[in-house]
Amino acid sequence: PTPTPTPTPTPNPTRTLAPTPTSSEMISVTTPTPPVIPETNTATPARSATPHGTHATPARQLNPQVHMFYYAWYGNPTHNNGRYVHWNHEVLLNRKDKQPNPRLEPPEDIGADFYPAHGLYSSLDRYTLDRHMREIASTGAGTIAHSWYPAHRDDRQIPGEDKGYSDRLAILLLDVADRYGLKVCFHLEPWEGKTAVDVANDLRFLVDTYGGHPAFYRYKGARSDRALPLVYAYDSYQIAEKEWREVLQPDGRHTVRGTYYDAYVVGLLLNQRDVLTLGRAGFDGCYSYFAATGFTQGSTPRYWPEIQRRAKEQGLFFVPSVGPGYADLRIRPWNTPNQRSREEGAYYDRMWQAALALHPPLVSITSYNEWHEGTQLEAAQPERVSRNSGYRYTDYGSRAPDYYLLRTRRFVEQVLARTEEKR
């Protein structure tokens, strides 16, 4: 893709990195059986000394209006039937032939420009989930946006026998999040053939299955006198506006509005013009997600004030997404134009400052652990070099491995202070 406000298509992505609307019409149960989770921590050990951030202390106060995108799609041989999951990501070669993309070979070569300081963990490992929730709570962010597929779906990096991985993990994630006072909302991922009616069915499933859990997130917004579930709809533009209206407008044939399953539905915004489309479709809000400034207008802070103004005109709220940088050359070796240096933390600071200047009702963070795209706040191992390929992994430079977690806490405290002022 090219780093312009209107992105170009990205072939074979893990998640669609460079979406392109095809027309003005495009925008944008059964209770699962919980998995058996081993109690021991057997993630691949880091080669360096014990990493920073292991003993993160919870923040004095959590802010549930700060949402952190979270990915529970990783696996290792100890916890995942002898195989790696997602760490062995495909190398997306951006070619026209239909030959399969090669896969990276962990533990030395993984699908990330950085190497996790805590090793190649599995999302099925209780120790890992506990550490993750403890670290997120230490930042003061109060809500996790869990990347979620329904039980019969998953992204292409998940082996066929593990379909439904993210849904099977949802109840465990809710349980562990609750221990730290965190809430969990759902980041609805796209899949081939998905319709707006499928989203309505997903909302019914999520409310029926997880809505009674104390960690299930509900948002008290202006549209309803009661707190409602909130979901992010990634790649929402892939579904036609007229389809969304049938689900999100009060007079739609399959509407969830005014029903037990009503929710705040937040659509992905790429460009300023998307605000009008999202408003007509019946969305409640829009979010920018991408952590690469200049990649879309939505991901570029200088456009945020105008996006927010237009959103208010349409009755929408705007959720800016902040991130520490962007790095995905290990899985997209052709994507040099969209790389964004962390600048020793200065890049992250600028995004936060721009978000705070908006006084938005919600702020989202991309991300706690999206390692493939290098947006993670989680600790990275310094000076790691592959013993097989000689690949030298990027690290956080002069900053400590847990620097971005600590830095996030500083900005979340500013959000809390402003919230207190309004009261």
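This report walks through a predicted model of one protein chain, from the overall picture down to a few aromatic rings.

## The whole chain

Let's start with the big picture. The chain's secondary structure adds up to 9 helices and 12 strands. Of its 423 residues, 62% are buried. As for the outside, the chain exposes about 16,300 Å², and 50% of that area comes from carbon and sulfur atoms.

## A helix tucked inside

Now take a look at helix α6, which covers residues 274-281. Because 6 of its 8 residues are buried, the rest of the structure largely encloses this helix. Which residues of α6 are the buried ones? They are D274, V275, T277, L278, G279 and A281.

Some background helps when you look at any helix. An α-helix has 3.6 residues a turn, so residues three or four places apart point the same way. Right after α6 comes G282, and its phi is positive, near 105°.

## Rings that meet

Next up, the aromatic rings. A pair of them is described by the distance of the centres and the angle of the planes. The structure holds 33 aromatic pairs. One of them is F69 with Y232: the ring centres are 5.3 Å apart and the planes sit at 70°, so the pair is edge-to-face, given that angles over 60 degrees count that way. This pair links distant parts of the chain, with F69 in strand β2 (residues 63-70) and Y232 in strand β6 (residues 228-233), 163 residues apart. Are these two rings' residues buried or exposed? F69 is buried, with a relative accessible area of 0%, and Y232 is buried too, also with a relative accessible area of 0%.

Y234 and F290 make another edge-to-face pair, with 6.3 Å from centre to centre and 70° between the planes. Y234 lies in the loop between β6 and β7 (239-240), while F290 lies in the loop between β9 (285-287) and α7 (304-313), so this pair ties together parts that are 56 residues apart in sequence. Both Y234 and F290 are buried.

Put these residues in context and you get a group: F69, Y232, Y234, Y287, Y289, F290 and F295 form one aromatic cluster.

## Charges over rings

Rings can have charged partners as well. R342 lies over the face of F114, at 4.9 Å from the ring centre. Where does R410 lie? R410 is over the face of F411, at 5.0 Å from the ring centre.

Note on methods: Residues are numbered from 1 along each chain as its sequence is written. This is a predicted model: local features need pLDDT of at least 70, side-chain atom pairs count only at pLDDT 80 or more; totals for chains, interfaces and linings use all residues. Side-chain values use heavy atoms; hydrogens and water are left out. Helices (H or I, at least four residues) and strands (E, at least two) are DSSP runs, numbered from the N terminus. Buried means under 20% relative accessible area, exposed over 50%, partly exposed in between (1.4 Å probe, protein chains only). Accessible areas come from the Shrake-Rupley method with a 1.4 Å probe; for residues, only the protein chains shown count as cover. Rings of Phe, Tyr and Trp (its six-membered ring) pair if their centres lie within 6.5 Å; planes under 30 degrees apart count as stacked, over 60 as edge-to-face and the rest as tilted. A charge sits over a ring if NZ of Lys or CZ of Arg is within 6 Å of the ring centre and within 35 degrees of the ring normal.
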